[in-house]
Structure formats: structure tokens, C-alpha cells
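User: Please take a close look at one part of this model, the strand that sits in the middle of a parallel pairing, and then work outwards to the spaces and ring contacts around it. I would like one connected account.

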Amino acid sequence: MSVLLIAAIAAAAFYAWNRLGQPGRRPKPGTPGASALARAQELRTPLVRLATALNIPTQAAKLADRYEAGANGERYVAGHLAPLQKEGWTLLPDRGFPYGDANVDMLAISPRGTVYVLDAKKWAARYQLRVKDGRLWHGKRDVTDWLGGLHYATRTVGRLLSVQPVPVVVMVGPLRRGVQLRVEGIRIIPAEDVCDALRTLDLQQLRRQRGPYFIDFAARVLPPYTER
């Protein structure tokens with residue numbers, strides 16, 4: 001390799017590093033989107049960041065983009081959920097399980113005692129979201145199996161807390177306001193309608209007595225998610 005080529009690569013690396021700056025501070029566990037954003041930061045190694053600056057596509061950068069989009073979706077949903085806290089709802093974002101690598105985007109506990117497992121999803125708005133023949137479609141793609149993680153999380157939360165949680169997908173992007181879908185027992189609602197939708201849904205549930213001890217118990221059993 002010629003000295004000139006080595007010098008060019010070194011100059012490009014120096015330029016890229018200064019252009020991109022240092023990676024952001026690691027997000028605090030237990031905040032909306034924290035684990036997804038932390039994963040994106042881990043994927044963006046110095047070499048990946050350099051490749052991105054030089055317009056060289058990498059699988060790691062593509063995956064990091066997906067995690068960042070997911071984190072942004074979780075934070076967007078958390079912002080819309082904020083009014084419920086003033087009404088006595090408890091919101092526990094980004095919770096982990098005692099085993100495995102799965103997590104819950106948001107655990108919501110209503111003043112009436114119902115536990116909701118909320119899964120924030122940010123999908124492309126240009127493709128229509130619809131239910132056909134019992135399957136969920138995003139444009140021409142059957143995405144029903146993508147709900148498997150929420151099914152697992154709901155079952156696990158139910159076992160750990162001895163409750164019957166209600167699974168809800170809070171959708172950012174392809175679902176118009178005022179439209180709700182339901183597939184395989186999962187409700188899908190637009191993020192902009194989430195407070196009104198949860199209030200209405202909660203009135204349909206049986207009231208259950210859950211004192212402060214239950215909130216503490218849930219927070220201990222489902223602590224802030226951290227990578228294992």
C-alpha cells in the first residue's frame with residue numbers, strides 16, 4: 001500500500017471522526033427507549049461510524065438505524081401517555097424479565113387495577129395497515145408474526161404478576177386517528193389516540209383492588225431492562 005493511500009485513509013478517518021463527534025451518553029435504564037438506544041450505540045462502533053461517514057453501507061449501521069427508530073417511537077408514545085400519569089396511572093417504561101433477553105416497552109397500570117402491556121411500534125406511514133382474514137397486513141406484507149413478541153411478553157407478565165394483562169400495540173405511522181384494529185386478541189391503536197383509547201378500554205375491565213404494594217412488587221419483579 002502506497003504512502004499516499006495510507007495518508008488518504010488516515011485523513012478520511014480523522015475527518016469522519018470529527019464530523020461525527022463522540023457517541024452520545026448512554027441512556028438511563030428504565031426510561032422510554034433506553035435499551036433500544038443503548039443497543040444502537042453499541043452497534044455504531046468507530047469502524048461502523050467511519051464507514052457511515054464515508055457513505056459505505058454496513059449491516060450494523062442499518063440495524064442501528066432500526067433500533068434508533070424504535071427508541072424514537074417509544075419516546076413518542078411515552079410523550080402521548082404523560083397525561084394519564086396525572087390521572088393516577090402508573091407507567092413503567094422499558095422493563096426487563098428475570099430471565100431471557102425480552103423486554104416490555106411500557107407497563108401501564110390503571111387506577112382501576114388493570115395491567116396493560118404496551119408495545120410501541122413505528123412503521124412506515126406510506127403503507128396501509130389493515131386486518132384481512134384474521135391476519136395483519138402492512139402494505140403487501142403479512143406482519144402478523146411480528147406480534148409474537150407481544151404475545152410472549154403478555155404471557156410472561158401475567159405469570160410474574162399473577163394478573164391477566166391486556167396487550168396493546170401503540171402504532172406510530174400507518175394508522176389514522178380514530179381507527180383501531182384488533183388481531184389475535186391484540187388491540188392496535190394510533191399513538192395520537194392512546195390516552196382516550198386506554199381510558200375507554202379501562203372502563204370495560206372489571207375493577208380490581210391493587211394497593212401501592214402491587215406497584216412496588218411490579219417494579220421489583222420487572223426492573224429496568226439492561227443488556228445481559
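Analyst: The account below starts with strand β7 and then turns to the pockets, the cavity, the aromatic pairs and a separate sheet.

The model is predicted. Strand β7 covers residues 166-172, and 7 of its 7 residues are buried. Its side chains alternate: Val166, Val168, Val170 and Val172 point one way, while Pro167, Val169 and Met171 point the other way. Both sets are buried, so neither direction from β7 leads to a residue at or above the 20% relative accessible area that bounds the buried class.

Two strands pair with β7. With β3 the pairing is parallel and runs over 7 bridges; within it, Leu118 has Val168 of β7 as its bridge partner. With β9, residues 186-190, the sense is again parallel, and 4 bridges make the join. There Met171 stands opposite Pro190.

Leu118 leads from this pairing to an enclosed space. The structure holds 1 cavity of 30 Å³ or more, and the space in the largest cavity comes to about 50 Å³. Leu118 is one of its lining residues, together with Pro32, Gly33, Glu74, Val77, Ala78, Asp105, Met106 and Ala120. The elements that supply two or more residues to this lining are α4, β2 and β3, and α4 gives the largest share, 3 residues. By class, the lining of the largest cavity holds 6 nonpolar, 1 polar and 2 charged residues.

Ala120 lines this cavity and also belongs to the lining of the largest pocket, where Ala120 lies nearest the centre along with Arg66, Tyr67, Gly70 and Lys121. That lining has 33 residues, and the volume of the largest pocket is about 1300 Å³. Two or more lining residues come from each of α2 (34-43), α4 (59-85), β2 (103-109), β3 (115-122) and α5 (148-161). The lining of the largest pocket divides into 17 nonpolar, 5 polar and 11 charged residues.

Val166 of β7 takes part in another open space. The second largest pocket has about 160 Å³, and its lining includes Val166 as well as Val163, Gln164 and Pro165. Thr114 and Val115 also line the second largest pocket, as do Gln205, Leu206, Arg208 and Arg210. In this lining 5 residues are nonpolar, 3 polar and 2 charged. Arg210 has a further contact: its charged end sits over the ring of Phe214, 4.8 Å from the ring centre.

Ring-to-ring contacts come next. A search of the whole structure gives 3 aromatic pairs. One of them joins Phe97 and Tyr152 edge-to-face, at 6.1 Å centre to centre and with 75° between the planes. Phe97 lies in the loop between β1 (90-96) and β2, and Tyr152 lies in helix α5, 55 residues apart. Phe97 has a relative accessible area of 0% and is buried, whereas Tyr152 is partly exposed at 29%.

Trp123 and Trp146 form another pair. Their ring centres are 5.4 Å apart and their planes stand at 85°, so this pair is edge-to-face. Here too distant parts of the chain are linked: Trp123 is in the loop between β3 and β4 (129-132), and Trp146 is in the loop between β6 (141-142) and α5, 23 residues apart. Trp123 is buried, with a relative accessible area of 13%, and Trp146 is partly exposed, with 42%.

The loops that hold these two rings border strands of a separate sheet. Strands β4, β5 and β6 form an open sheet in the order β4-β5-β6, with antiparallel pairing. The edges are β4 and β6; each has a single partner strand, so one side of each is left without a neighbour in the sheet. Between β4 and β5, residues 135-138, there are 4 bridges in the antiparallel sense, and Val131 has Leu136 in β5 as its bridge partner.

Helix α3 is a last local detail. Within α3, residues 46-53, the buried residues include Val48, Arg49, Ala51 and Ala53. Just after α3, Asn55 takes a positive phi of about 60°.

Methods: Residues are numbered from 1 along each chain as its sequence is written. This is a predicted model: local features need pLDDT of at least 70, side-chain atom pairs count only at pLDDT 80 or more; totals for chains, interfaces and linings use all residues. Side-chain values use heavy atoms; hydrogens and water are left out. On a 1 Å grid over the protein atoms alone, a cavity is a set of points where a 1.4 Å probe fits but cannot get out, and a pocket is an open set with protein on both sides within 12 Å along at least five of seven lines; lining residues have an atom within 4 Å of a point. Grid points are joined across faces, edges and corners, and a volume is the space filled by probe spheres set on the points. Ala, Val, Leu, Ile, Met, Phe, Trp, Tyr, Cys and Pro count as nonpolar, Asp, Glu, Lys and Arg as charged, and the others, Gly among them, as polar. Buried means under 20% relative accessible area, exposed over 50%, partly exposed in between (1.4 Å probe, protein chains only). Two strands pair if DSSP finds at least two bridges between them. Rings of Phe, Tyr and Trp (its six-membered ring) pair if their centres lie within 6.5 Å; planes under 30 degrees apart count as stacked, over 60 as edge-to-face and the rest as tilted. A charge sits over a ring if NZ of Lys or CZ of Arg is within 6 Å of the ring centre and within 35 degrees of the ring normal.
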